[in-house]
Amino acid sequence: MYTSGYADRTSMVSATAVDHPQHSSTGLISEVLYREDQPMMTQLLLLPLLQQLGQQDRWQLWLTPQQKLSRQWVQASGLPLSKVMQVSQMLPEMTLDSMIRALRTGNYSVVIGWVTEELSEDEHHRLAIAAEEGNAMGFIMRPVRTTSLPSRHFSGLKIHSNLFH
């Protein structure tokens, strides 16, 4: 998991927020780079956080490109089915603006959006401000192209295939 450089400089979750998610004092934007050939990594890294955020009274919003979340996977993962919302088949160019609008509302504890291209510093800045305003967390899910991997190794993350149906 890669926390974006911009989020590192401006948005951090306090220790209190981890212990008591209902009282988090700030927003956070983090970028998760994942490799499609490494299933289970996203679940191992993000699922405990999503389960903890599920204890809040607010929704979790998943902005997925084409897949539909599996109701079975949501329940089996310990996520609150009644608090998980999904918008699927969204045009990729709409994801960023949708994330910003959703984060800003304060209705969501977390907003997860899939993008294919690296975001600019301005886009990260807009997301961070929206997360601060809505006191929410945002995860930018972005695939790493295995043909263009740099010489150093990144931990790849993937939403396991049984997540979608």
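Hi everyone, this is a short walk through the sheet and some of the helices in this structure. Please keep in mind that we are looking at a predicted model.

Let's start with the sheet. It is open and has 5 strands, in the order 1-5-4-2-3, with parallel pairing. At the edges stand strand 1, residues 28-34, and strand 3, residues 84-87; each has a single partner strand, so one side of each lacks a neighbour in the sheet. From one strand to the next, the twist averages 15°.

Now for one pair inside that order. Strand 2, residues 59-63, runs parallel to strand 4, residues 108-114, and 5 bridges join them. If you want a spot to click on, Trp59 has Tyr108 in strand 4 as its bridge partner.

Next, the helices that lie across the strands. Helix 3, residues 41-53, lies across strands 1, 2, 4 and 5, and runs at about 160° to strand 5, residues 137-143. Helix 5, residues 92-105, also lies across strand 1, strand 2, strand 4 and strand 5, running at about 175° to strand 4.

Last stop, helix 6. Its 14 residues, 121-134, should span 20 Å at 1.5 Å a residue, and the end C-alpha atoms are indeed 20 Å apart, so the two agree. Which residues of helix 6 are buried? They are His124, Leu127, Ala128, Ala130, Ala131 and Gly134. Looking down the axis of helix 6, these buried residues fall within an arc of 165°, so they line one face of the helix. As a general reminder, an α-helix has 3.6 residues a turn, so residues three or four places apart point the same way. Just after helix 6 comes Asn135, with a positive phi of about 50°.

Thanks for listening!

Notes:
Residues are numbered from 1 along each chain as its sequence is written. This is a predicted model: local features need pLDDT of at least 70, side-chain atom pairs count only at pLDDT 80 or more; totals for chains, interfaces and linings use all residues. Side-chain values use heavy atoms; hydrogens and water are left out. Helices (H or I, at least four residues) and strands (E, at least two) are DSSP runs, numbered from the N terminus. The expected span of a helix is 1.5 Å times one less than its number of residues. Buried means under 20% relative accessible area, exposed over 50%, partly exposed in between (1.4 Å probe, protein chains only). The arc is that of the directions from the helix axis to the C-beta atoms. Two strands pair if DSSP finds at least two bridges between them. Axes are lines fitted to C-alpha atoms, for helices over the stretch in contact, and angles run from 0 to 180 degrees between N-to-C directions. Contact means heavy atoms within 4.5 Å.
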